[in-house]
Amino acid sequence: MSDPKQDVLDMLRELGELTMLEEADPQSFRVRAYESASHGIQAYSGDLSKLSAKELEKIEGIGKSTAQKIRELFDTGKVQKLVDLRAKHPASAVALLRIQGLGPKMLQRLRKELGVQNLEDLKRVLAEQKLRGMKGLGQKSEEKLAEAVRRFEAQGATSRTPISVALPLAQRVVARMLEVPGVVHASYCGSLRRFLETIGDVDVVVAASDPKPVMDALVGMSVVDQVLVRGDAKTSVVTRRGTQIDVRVVEEKQLGAARLYFTGSKGHNIKLRQRALARGWTLNEYALSEIESGKVIASETEEQIYEALGLAFIPPVLREDQGEIEAAEKGALPRAVPKILGDFHVHTSVSGDGRSPIEEVVAAAKARGYRALAITEHAEGTVSGVGREALLEQRARIAALQKELGSSMKLLHGIELNIGPKGELDYDPEFRAQFDWCLASIHDHFELDKAAQTHRVVTAMKDPDVRMIGHLSARMIGGRPPVDLDLDAVFEAAEATGTALEINGGLPRLDLSVDALQRARERAVLFVLTSDAHQTDELDRVEYAAMNAHRAWIPPERIVNAWAPKELLKFLEAKRPHEAARGAR
Ligand code: DGT
Ligand code: CA
Ligand code: CA
Ligand code: ZN
């Protein structure tokens, strides 16, 4: 197995999901046991497949029965319990759990009482108004569910895969392909390489002399549920979660043309082809070549093809047919974010849902070359929130760590405040004022109307201690829709109060979205890239935030993390424009 840790995490996630359906209870003991086992596995850095069941049990959160299942997975390649659960709960029924507000209890009843096994069934019984006849349900709950189904479909949640699922999946496929003898290159292309937030299907391009072992390896992967097309040039499979993966095998010398073609976007490709035609050339997935003679002009690398077409290399995140070709011609492409010098939204194990101790987080940040780091636990207003005493202890700990660090990295004792339904914030102004860095974000009351949501955010921005708004829309890609906000009013308030806007790099969120960023770009606001890490290996997610900023054509000058250390530290210590208001309060 190519990635034992990921295989175990996949197994635990699926066991958790199916058990929740089986027991019709999200809080069941067993579901929680799989969750805590997942956390333990995530934090484990050694080779799991070498551990005996007894040794596995020593990992935090792993009990005897889970340890045995992990061993069973390594020893036999499958887990009987999971095989049994899958037989009882088809993927089409499991998928319905992704509908907002449809929990396992309700789903179990719909299946038992109305025979609902998939989305089509569910839509039919809703149309036939069958739900209102069920015990304890009425017209209102029926309408609410119908609305949720409409939103689920409108989001494309039925057909498109969120990037948080697609990216790790693609990385596993690529890693598996690279293990196959004779493979000289494998990478994902398509919308995933362009970093779209949802993915229609995953496109993988492989260079190898013999396609057969490559396609054998693909269809043999444990994530694969169905094989749609089995060919030498292209094989398409579908995972249990319903994500399609297309793998294409090409010759090494065609790699550049193939990666360019299959990365897209379609609009970008069409513009490139027109450019080629204007020169008497043709561009396809094999090569850029002369029409008349068929002589190949460039095909091995994307760089060579762009160069032959008189263009600077266009990074995949910009290939959206939004003026990037014209910009590349003039040498005026938006720059990528240069080296990131700090992170300003990071949790440690002090937060209820945080997993890494502060010492590890600080060491990892230092190893990344950061010059500044804000530790920002959840404030008391959220489920995972932290009380005053624990925060004061942490402050002392941070002071001690700062002594050890000297001037190499500035540690800020920050806090992630929860924005209440009316814009109210946690603790009290005096306590909040003691933090070095306050960000504020929405974690509840997602259903408020536009005026109320806008008001709560703008009110939070006016607080003199709030320096940044975290994950503005509070969406979960493919899960929770964004809250309803008047973005123009919010950006105007950000400008007026000097409040920075977070670009959250957590893949489930990616918030602000690229769309929102493009609108915010027109205003005089500053952006801060963050990882919102809950464990050290998630610090990497700040790179995803940087990719999204680039995708939205945000100039690096507007991104605080990319400033020179001196300017960055000055910004962190600066007083807000309306800071003076505090004295008057
Ligand atoms: P997706 O999968 O819907 O998220 O989006 P893509 O961009 O990955 O689209 P997909 O998988 O249909 O095709 C992968 C790439 O192949 C696409 O970005 C551009 C290229 N491609 C596909 N069909 C065409 C076509 O008809 N014309 C051109 N020029 N390129 C195409
Ligand atoms: Ca695709
Ligand atoms: Ca495709
Ligand atoms: Zn957070």
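These questions and answers test the labels used for this predicted model against their cut-offs.

Q: What makes Asp201, Asp203 and Asp246 donors of the calcium ion (ligand 3)?
A: Their OD atoms lie 2.3 to 2.7 Å from the ion. The cut-off for Ca is 3.2 Å, so these atoms count as donors. Asp201 appears twice in the list, with OD both times. Along the chain the donors follow the spacing D-x1-D-x42-D. Aspartate 203 sits in strand E4 (residues 201–208) and aspartate 246 in strand E7 (residues 244–250), 43 residues apart, so the pair links distant parts of the chain.

Q: Why is aspartate 203 called buried?
A: Its relative accessibility is 9%. Buried means under 20%, so the label holds. Aspartate 246, at 3%, is buried because it falls under that cut-off too.

Q: Why does aspartate 201 count as partly exposed?
A: Its relative accessibility is 22%. Buried needs under 20% and exposed needs over 50%, so aspartate 201 falls in between.

Q: What makes aspartate 201 a bridge, and between which ions?
A: Aspartate 201 bridges the calcium ion (ligand 2) and the calcium ion (ligand 3). The two ions lie 3.7 Å apart. For ligand 2, the coordinating atoms are Asp201 (O), Asp201 (OD) and Asp203 (OD), at 2.2 to 2.5 Å. For ligand 3, Asp201 (OD) is among the protein donors.

Q: Why is the arrangement around the calcium ion (ligand 2) called irregular?
A: Its 6 donor atoms subtend angles of 70 to 166 degrees. Six donors count as octahedral if opposite donors are over 155 degrees apart and all others between 65 and 115. The set around ligand 2 is classed as irregular, so it does not meet that test.

Q: How do you know that strand E13 and strand E14 pair?
A: E13 (residues 410–418) and E14 (residues 437–441) share 5 bridges, in the parallel sense. Pairing takes at least two bridges, so they qualify. One bridge partner is serine 441 in E14, set against asparagine 418.

Q: What makes strand E11 and strand E17 edge strands?
A: Each pairs on one side only. The open sheet has 7 strands, in the order E11-E12-E13-E14-E15-E16-E17, and its pairing is parallel. Neighbouring strands are turned by 30 degrees on average, direction ignored. Helix H17 (residues 358–367) packs on this sheet and touches E11, E12 and E13. The direction of H17 makes about 150 degrees with that of E12.

Q: How do you know that strand E5 and strand E6 pair, and in which sense?
A: E5 (residues 224–230) and E6 (residues 234–239) have 5 bridges in the antiparallel sense. At least two are needed, so the pair counts. They form a hairpin with 3 residues between them. Arginine 230 stands opposite threonine 235 in E6.

Q: Why is glutamine 535 called buried?
A: Its relative accessible area is 8%. The limit is under 20%, so the label fits. Glutamine 535 is in the loop between E17 and helix H23 (542–551).

Q: What makes the link between glutamine 535 and arginine 355 a polar contact?
A: Their side chains are joined at 2.5 Å. The limit is 3.5 Å between N or O atoms, so the distance passes. Beyond four places in sequence, glutamine 535 touches Gln42, Arg355 and Ser356.

Definitions and conventions. Residues are numbered from 1 along each chain as its sequence is written. Chains are lettered from A and ligands numbered from 1 in the order in which they are written. This is a predicted model: local features need pLDDT of at least 70, side-chain atom pairs count only at pLDDT 80 or more; totals for chains, interfaces and linings use all residues. Side-chain values use heavy atoms; hydrogens and water are left out. Donors are N, O and S atoms within 2.8 Å of the metal (3.2 Å for Na, K and Ca); water is not among the atoms, so sites may look incomplete. Helices (H or I, at least four residues) and strands (E, at least two) are DSSP runs, numbered from the N terminus. Buried means under 20% relative accessible area, exposed over 50%, partly exposed in between (1.4 Å probe, protein chains only). Axes are lines fitted to C-alpha atoms, for helices over the stretch in contact, and angles run from 0 to 180 degrees between N-to-C directions. Contact means heavy atoms within 4.5 Å. A polar contact is a pair of N or O atoms within 3.5 Å; within protein, one must be able to donate a hydrogen and the other to accept it, and residues adjacent in sequence count only if both atoms are side-chain atoms. Four donors count as tetrahedral if all angles lie between 85 and 135 degrees; four count as square planar and six as octahedral if opposite donors are over 155 degrees apart and all others between 65 and 115; anything else is irregular.
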